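The following explanation leads a new reader through one protein structure, from its overall form to its local details. Please keep the sequence and the model in view while reading.

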Amino acid sequence: MNFRVAVADDEPLARVMVAELARQDPEVGEVLECGDGRRLLDVVSAHHPDIVFVDFEMPGVDGLQAAHSLKRTGIAVVFVTAFSQYAASAFDAAAVDYLLKPFPDRK
């Protein structure tokens, strides 16, 4: 199965790094990049990704607001953020995982 993945982060370097890691996975077929939560919701509506990697703090629609909007869609939401204090809120929004930046990009 080829998964469709969306990555939302307002920091371009962080977004590119997560997107590149996703592209290296042979089970990932397509990676869509978004610079904010509003664009993420548009991408979800148009492309129906299976997995979303989202930063917590973004302008406009933040990651938590986006996750709440996606809660009943069946899309797996993974937070990738530098802020550990938001973990409980992320899991309340049905996140499947919570990764703290920076993280190693090697196994």
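**A guided reading of the model**

The structure shown here is a predicted model. The protein has four helices and five strands. Read from the N terminus, these elements follow the order β-α-β-α-β-α-β-α-β.

What are the overall dimensions of the C-alpha trace along its principal axes? The trace spans about 30 × 30 × 20 Å. For 107 residues, a compact globule would have a radius of gyration near 13 Å, and the protein agrees with this expectation because its own value is 12 Å. Of the 107 residues, 41% count as buried. The surface that the protein exposes amounts to about 6100 Å², of which carbon and sulfur atoms supply 52%. Contacts across the sequence complete this general view: among those between residues at least 6 apart, 57% join residues at least 24 apart.

Strand β4 is a convenient place to begin with the details. This strand is mostly covered, as five of its six residues are buried. On one side of the description stands β3, which pairs with β4 in the parallel sense over four bridges. Within this pairing, V52 has V77 of β4 as its bridge partner. Together with α3, the strands β3 and β4 make a right-handed β-α-β unit.

The pairing of β4 with β5 can be followed in a similar manner. Strand β5 comprises residues 97-100, and four bridges join it to β4, the two strands running parallel. The bridge partner of V80 in β5 is L99. The chain passes from β4 through α4 to β5, and this β-α-β crossover is right-handed. A further position to inspect is T81, which stands opposite L100 in β5.

The aromatic residues form the next topic. A pair of aromatic rings is described by the distance of the centres and the angle of the planes. How many aromatic pairs does the structure hold? There are five. One of them joins F56 and Y86: the ring centres are 4.1 Å apart and the planes meet at 10°, so the pair is stacked. This pair links distant parts of the chain, since F56 belongs to the loop between β3 (51-54) and α3 (63-70), whereas Y86 belongs to the loop between β4 (76-81) and α4 (87-92), 30 residues apart. F56 has a relative accessible area of 5% and is therefore buried.

Another aromatic pair is formed by F91 and Y98, with 6.3 Å from centre to centre and 45° between the planes; this pair is tilted. Are its two members buried or partly exposed? F91 has a relative accessibility of 41% and so counts as partly exposed. Y98, by contrast, is buried, with a relative accessible area of 12%. Ring pairs link F56, F79, F83, Y86, F91 and Y98 into a cluster.

Attention may now turn to an earlier part of the chain. L32 is placed in strand β2, which covers residues 28-34. Its relative accessibility is 12%, and L32 therefore counts as buried. Which residues does L32 contact, leaving aside its neighbours within four places in sequence? They are R4, V5, A6, V7, V43 and H47. For V7, the separation along the chain is 25 residues, while the C-alpha atoms of L32 and V7 are separated by 6.2 Å.

Some features of the backbone remain to be considered. Most residues other than glycine have a negative phi, and most peptide bonds are trans. H48 has a positive phi of about 50° although it is not a glycine. This residue is located in the loop between α2 (37-47) and β3. With a relative accessible area of 55%, H48 is exposed. A positive phi is also found at A94, where the value is near 75° in a residue other than glycine. A94 lies in the loop between α4 and β5, and its relative accessible area of 36% makes this residue partly exposed.

Where does the model contain a cis peptide bond? The bond from K101 to P102 is cis, with omega near -10°. P102 is placed in the segment after β5.

Note on methods. Residues numbered from 1 in each chain as written. Predicted model: local features only at pLDDT ≥ 70, side-chain atom pairs only at ≥ 80, totals over all residues. Heavy atoms only, no water. Phe/Tyr/Trp six-rings, centres within 6.5 Å; stacked < 30°, edge-to-face > 60°. Buried < 20%, exposed > 50% of the residue type's maximum accessible area, 1.4 Å probe, protein only. Pairing = 2+ DSSP bridges. Right-handed = clockwise from strand over helix to strand, strands pointing away. Rg over C-alpha atoms; globule rule 2.2 N^0.38 Å. Contact = heavy atoms within 4.5 Å. Areas by Shrake-Rupley, 256 points an atom, 1.4 Å probe, with all protein chains shown as cover.
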